[in-house]
Amino acid sequence: MTTAPPTGRRYRPPAPLGGRRRADGPAGRGLKAAAFLAPALLILGAFTIWPMLSALRLSFTDASGFGEPEFIGLENYVQVFTDPDILNAVTNTALYTVLFTPIAVAAALALALLLNNPRLPFRGFFRTALFVPFVVSFSVAAFAWSYLVDPQVGLLNYWLRGLGIQLGNVLEDPHLAMPMVVLVAVWKLFGFYFVIFLAGLQDIPTSIYEAARMDGAGAWSRLRNVTLPLLSNTMAFVLIFAMIAALQAFDQIYVMTGGGPYGSTQTLVMEIYESGFRKLDIGFASALSYVLLAATLLLSLVQFVFFGRKEKDLA
Amino acid sequence: MKRKTVLIGGAGSAALALLGSGCSGGGETGGPATLTFWHGYTEADGDVLQGIVDDFNASQSDITINTEVKTWASIDDTLLTALSAGEGPDIVAMPAERLPVYADKGAFAELDDFYNDESSNTANLLPGAVAMVEIESRKYAVPTGFVPLAVYYNTALFEAAGVTAFPATWDEWVATAKQLTVDEDGDGTPEQYGVVLPDHATVANGLWPSLFYGNGGDIVSEVVDAVIDSPENAATLEFWRSAIVDDKISPTGVDGVGADELFSAGKAAMTIGGPWMASIATENNIEYAIAPIPAGPVAQAASAIGVAMAVTVDADDNARAAAEKFFAFFLNDDNAAAWSLGSGWPPLRSDVPAEAVNSNPVVASLTEIADLGRPLLPGVVNSVDVLAAIDELTQRAVAGEDIAGLLAEAQETVQGALD
Amino acid sequence: MRTRLRELRPSTVLATIAFIVVTAIVLLPIAIIVLTAFKPAAEVNAYPPSLLPDAWTLDNLKTVTSELPFARLVGNSFVFAGGVTIFALLFDSLAAYALARLDFTGRRVLLVVIIATLMIPFQATLIPLYQLVADLGWVNTYTGLIAPRAADAFGIFFLRQFFLALPRDIDQAARIDGAGEFRIFWSVLLPNAVPALLTLGLFTFVNNWNDLLWPLVFTTDTEMGTITSGLTQLTGPSGIVPHGVMMAGSLIAILPLVIAFLFIQRRFIENIATTGLK
């Protein structure tokens with residue numbers, strides 16, 4: 001069994017052997033790569049990238065889904081940046097992302113760290129139980145949570161009332177609705193991040209911990225100086241995908257609040273859906289989607305930079 | 001339901017040919033046609049509608065109509081995509097307030113010629129029902145339902161509280177509701193409410209418009225002008241906020257669905273609803289009766305729940321002609337009465353004699369009040385934003401915010417949506 | 001895991017208690033779904049509410065099975081989610097291999113483009129995608145349902161990361177032995193990637209099984225829908241959702257996933273620890 005190098009960095013490939021380079025010119029490698037990539041690129045190209053390009057074209061038109069769309073230049077984009085509803089949706093989406101991403105990732109990480117303790121009893125059970133919410137669909141999750149916090153017959157409201165906490169009508173409360181829909185997303189998604197962190201943790205050889213312990217490092221110091229740095233790859237991966245999930249928040253909001261009360265849970269994707277499928281303004285919905293795409297791309301790059309990942313590491 | 005050929009893994013499947021618009025032939029009309037009809041009548045009304053469709057299919061040999069039953073919400077979710085790719089239905093029924101936006105974007109065929117044709121059986125349709133399918137004075141659909149919102153009340157609770165007559169005015173209504181509100185443990189939260197008045201997402205979005213009408217107010221005038229910021233509407237909001245919050249006759253923060261649930265759980269003595277409340281009440285063993293929304297200081301009126309069916313762009317001329325034949329059949333003397341009886345909605349034609357529908361007590365009660373109904377936002381294309389503005393207005397007003405400020409804000413949003 | 005008493009430190013006890021509390025909270029909504037599915041309608045809306053049904057009933061399940069062609073819908077869900085999973089695992093791992101192991105010009109750009117496809121909301125591409133699938137004549141077919149999902153950026157990126165972490169020694173050895181790239185991929189890398197494939201497979205299966213918008217919009221024929229999209233049909237007129245019936249439907253929808261997960265979870269998480277470092 002080969003172990004990871006003691007630096008704990010993800011395994012760096014050795015320099016390619018000289019012989020291979022000579023036998024296998026750039027053209028040959030390109031062809032090989034093309035063969036491996038072809039099926040996936042064909043699917044992605046046809047069913048994701050082509051529709052994306054169509055949407056880009058539509059974003060400069062007044063398309064409604066019927067008839068010939070008319071070219072209207074940047075009008076949709078101008079509207080995106082001037083419409084107060086969009087500003088509200090941007091604010092809400094930002095709030096959602098800022099609430100969801102750290103909470104979900106921190107919860108997943110903390111539980112993974114705790115579960116990684118071999119002395120903990122019932123580890124198998126906890127591990128399984130914490131993952132179960134992930135297999136529940138967002139619509140079912142939203143439905144179950146709505147029922148739990150129903151002001152009339154909600155079990156959670158009833159129990160909390162017994163403890164002297166008046167939850168009130170959570171989904172109709174402009175201050176509580178957003179935390180509530182974030183909570184449902186955390187509940188539904190943290191199990192997946194948790195499993196990924198567990199895998200990352202189990203990748204770290206115990207020999208490093210033993211060495212650290214012999215150097216007199218305490219639990220906190222081992223966490224800060226060994227575990228977290230060695231998890232940084234996993235962390236970057238989880239953070240990026242958690243952030244993308246947050247920026248595209250839609251499902252549970254659609255079911256639980258419909259964007260209300262007073263638009264306080266109206267996110268960008270809710271706005272995109274409403275513009276496209278309720279007001280039949282596909283052109284505007286497409287423009288808004290592209291603005292979201294650009295923002296997501298930018299934020300992802302910031303994250304890569306933050307994690308000290310140079311361009312070289314990314315690809 | 002017909003079986004469809006399904007190919008797995010094969011490119012260029014032939015299944016397409018079996019589906020969708022059944023557009024055969026070119027511009028000729030009168031030839032054989034197979035039409036798809038999407039609607040959301042999922043209950044007993046769906047069976048009656050299917051019966052009418054079956055009768056139509058049997059009544060002639062050229063045209064076959066296949067129905068596809070979905071929920072109203074999923075029709076709205078899937079229609080745009082399907083039509084954008086030529087895979088949509090030929091005929092689609094939808095809630096009337098969703099009609100203008102589709103018509104405006106060119107999704108539906110204009111039906112003025114059909115209405116002008118004497119054999120279309122449209123001459124005696126209720127004027128309110130026809131108004132709701134008109135966009136810029138052209139007609140784009142045929143109504144399949146038009147009924148004013150009404151009060152459904154729990155007769156057992158009325159009896160227990162000793163109420164004998166149903167209130168006729170707003171003041172009486174509030175007094176009765178107070179009488180029916182029970183707070184046994186005195187904790188300030190009644191266990192039983194006299195009435196449930198949702199403050200947003202009300203049934204068919206019609207509760208607050210109905211109340212506005214009662215005091216002589218309105219929301220939109222002549223499709224283009226927002227008139228929501230009026231002293232009449234301010235007074236209406238003040239009056240009902242005081243009744244809901246101070247007199248506690250209704251819970252706050254409830255939506256239309258929640259209202260129906262409270263009524264069917266016996267926790268509210270009155271609710272404002274549509275004809276389906278009758279079957280919901282029966283299912284929940286609640287004895288009920290139906291009454292008109294009591295008169296406001298100025299008028300007695302109620303926003304109407306409307307449903308209409310339209311011919312889509314996916315229907316060619318031949319299919320459109322076939323669809324019109326079906327519409328005329330649907331509206332003929334026999335079916336107008338049969339549909340009303342079976343669906344539990346009042347007849348769409350004013351010339352259906354009362355005796356024809358007396359056998360269904362719900363229909364009989366609703367028919368009596370049918371002329372109180374006003375279509376909701378007829379012809380308003382961006383009803384989404386207008387309705388959202390009303391929801392925000394009423395929800396914030398009931399929550400205690402400044403009504404004058406809210407109305408000014410709503411006025412601006414509504415006007416913005418109309419421009 | 002056996003725990004000897006003397007090893008129980010206060011911190012472990014605290015952690016155990018914390019886990020019991022967290023797990024209980026996490027499982028509460030699941031319990032609500034399962035238990036409400038067996039509650040009679042009167043109890044579902046009763047106050048005060050209770051967790052357990054007083055009188056257990058199968059009425060809700062019967063209603064679901066009579067209102068929905070549920071066997072057909074569950075079958076469709078298996079075909080859709082299963083089909084997507086098989087194709088996506090194959091195509092994603094092939095692409096990931098090229099991105100992790102083969103040097104070619106434009107690799108970096110390609111990776112960024114692939115990741116960028118995740119950043120546009122599905123709602124935005126839905127209409128052009130549907131038009132394309134309709135042009136191909138695939139509306140209301142399994143092909144049309146599955147093909148657009150047969151490769152996905154998340155899977156490619158996930159497996160690429162995993163392949164990068166596998167030591168190059170293992171494929172260099174095979175390469176020196178004269179093995180071709182496909183042999184190296186198929187016989188050397190893939191067998192080492194089983195835990196990652198299981199994880200991604202589960203993720204893909206669950207996500208597609210639970211997807212609402214695509215099957216809902218794609219299938220104009222109720223018979224071609226999935227169980228997840230079928231649940232929307234349980235909403236009554238006026239939007240009232242009968243809670244008991246909906247929970248029974250939800251139970252039917254999640255049961256196959258929970259069972260599948262319980263079957264593979266042991267392999268999937270424990271093996272992921274080895275990440276192929278054999």
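**A crossing of helices in chain A, and outward from there**

In this predicted model, α4(A) passes α8(A) in a right-handed crossing. To view this pair, select residues 84-115 of chain A for helix α4 and residues 177-202 of chain A for helix α8. The two axes come within 7 Å of each other and cross at roughly 40 degrees. An angle of 65 to 115 degrees would count as roughly perpendicular, and one under 35 degrees as roughly parallel; α4(A) and α8(A) are therefore oblique to each other. Colour the residues of this helix contact by class: 25 are nonpolar, 1 is polar and none is charged.

**Annotated spans of chain A**

Next, select the spans of chain A that UniProt, in an unreviewed entry, labels "transmembrane region": residues 30-50, 94-116, 128-148, 176-199, 230-250 and 287-307. Two of these spans may be examined in turn.

- Residues 30-50 of chain A: the span is 100% helix and 0% strand, and its end C-alpha atoms lie 23 Å apart.
- Residues 128-148 of chain A: the end C-alpha atoms again lie 23 Å apart, while the span is 71% helix and 0% strand.

**Where chain A meets chain C**

Now display chains A and C together. How many residues does the contact take from each chain? It takes 85 residues from chain A and 85 residues from chain C. On the chain A side, select helix α2 (residues 26-58), which supplies the largest share of the side that touches chain C, namely 18 residues. Colouring the side of chain A that touches chain C by class shows 58 nonpolar, 18 polar and 9 charged residues.

**The two domains of chain C**

Hide chain A and turn to chain C, which is divided into domain 1, residues 5-60, and domain 2, residues 68-272. Taken over C-alpha atoms, the centres of domain 1 and domain 2 of chain C are separated by 31 Å. The domains do touch: 8 residues of domain 1 of chain C are in contact with 7 residues of domain 2 of chain C.

Which elements give two or more residues to the side of domain 1 of chain C that touches domain 2 of chain C? They are α1 (10-36) and α2 (41-44) of chain C. Select α1(C) first: it gives the most to that side, with 3 residues. By class, the residues on the side of domain 1 of chain C that touches domain 2 of chain C comprise 5 nonpolar, 2 polar and 1 charged.

Conventions
Residues are numbered from 1 along each chain as its sequence is written. Chains are lettered from A and ligands numbered from 1 in the order in which they are written. This is a predicted model: local features need pLDDT of at least 70, side-chain atom pairs count only at pLDDT 80 or more; totals for chains, interfaces and linings use all residues. Two residues are in contact if their C-beta atoms, placed from the backbone, lie within 7 Å. Helices (H or I, at least four residues) and strands (E, at least two) are DSSP runs, numbered from the N terminus. Ala, Val, Leu, Ile, Met, Phe, Trp, Tyr, Cys and Pro count as nonpolar, Asp, Glu, Lys and Arg as charged, and the others, Gly among them, as polar. Axes are lines fitted to C-alpha atoms, for helices over the stretch in contact, and angles run from 0 to 180 degrees between N-to-C directions. Angles under 35 degrees count as roughly parallel, over 145 as roughly antiparallel, 65 to 115 as roughly perpendicular and the rest as oblique. A crossing is left-handed if the near helix is turned anticlockwise from the far one by less than a right angle, and right-handed if clockwise. UniProt positions are given in the numbering used here, feature names are shortened, and annotations may be inferred rather than shown by experiment. Domain bounds come from an automatic or database domain assignment.
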